[in-house]
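Trainee: Could you help me learn to read the empty spaces in a protein model?
Mentor: Happily; let's bring it up and begin with an open one.

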Amino acid sequence: MKTSIKKQKRSSQALDLTLCGLFAALIAAGAFIRIVIPAGADTMNFTLQWLFVMLAAFLLGSRRAFLSVAVYLIIGLSGVPIFARGGGPAYLLRPTFGFLLGFLLAAPLIGRICEFQRSVCFRGWFAAATAGYLVYYGMGMLYFYAITAWVTAQPVGWKAIFLVYCLPTMMPDYILCVLAVTVGLRLRPALRELLP
């Protein structure tokens, strides 16, 4: 009996590692599928990372989605150049790092909202994606403001952060919400047996 439980636990851990590794790799790949948008004195990148963060939440659930994003961030901060502009601990001082932290907060939120829903449907998942989207951009804006105001001593106002650094990517990212829900609903039946 104990041996059977241990085998199930090991199997579950192996599945977790595999799935979290897979989605961390997809999020990393999404960083390199990008469109560079001039923004103020800098540039912003529209990438497909947000798409894979949402798919992780829809398909893996809140815990595994959080772990997938956490693995991605840890690998990037350790020095592997898997962020849109490289990697390493110095990335923490980039004003745009807050959007990556937004992924870490949004993924489990989306997953948790979906877990509480009674049925799997487009409307429910899209509402979850919208909640995650607001957290993702909210965290990005807060971090951007904090770094420019307190670290670089070159403060950027809220209006400029929104209009110059967020607005150019907000509509494309919201369209990705629709795409993620559509793809996720199609993939879920195939993964239902694999993902308890």
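Trainee: How many nonpolar, polar and charged residues are in the lining of the largest pocket?
Mentor: Sorting a lining by residue class is a good way in. In this predicted model, the largest pocket is lined by 10 nonpolar, five polar and five charged residues.

Trainee: And how much space lies in that largest pocket?
Mentor: The largest pocket holds about 380 Å³. Its lining has 20 residues, and those closest to the centre are Phe58, Leu59, Leu60, Gly61 and Arg188.

Trainee: Which element gives the most to the lining of the largest pocket?
Mentor: That is H2, with four residues. At least two residues each come from H2, helix H3 (62-77), H4 and H6.

Trainee: Now for enclosed spaces: how many cavities of 30 Å³ or more are there?
Mentor: A cavity is a space where the probe fits but cannot get out. With the cut-off at 30 Å³ or more, the count here is one. The largest cavity has about 300 Å³ of space. Lining this cavity are 19 residues, with Met44, Asn45, Gln49, Thr96 and Phe99 the closest to its centre.

Trainee: Which elements give two or more residues to the lining of the largest cavity?
Mentor: They are strand S2 (42-47), helix H2 (49-60), helix H4 (97-116), helix H5 (122-151) and helix H6 (158-191). S2 gives the most, with five residues.

Trainee: What does the lining of the largest cavity have by class?
Mentor: Here we find 11 nonpolar, six polar and two charged residues.

Methods:
Residues are numbered from 1 along each chain as its sequence is written. This is a predicted model: local features need pLDDT of at least 70, side-chain atom pairs count only at pLDDT 80 or more; totals for chains, interfaces and linings use all residues. Side-chain values use heavy atoms; hydrogens and water are left out. On a 1 Å grid over the protein atoms alone, a cavity is a set of points where a 1.4 Å probe fits but cannot get out, and a pocket is an open set with protein on both sides within 12 Å along at least five of seven lines; lining residues have an atom within 4 Å of a point. Grid points are joined across faces, edges and corners, and a volume is the space filled by probe spheres set on the points. Ala, Val, Leu, Ile, Met, Phe, Trp, Tyr, Cys and Pro count as nonpolar, Asp, Glu, Lys and Arg as charged, and the others, Gly among them, as polar.
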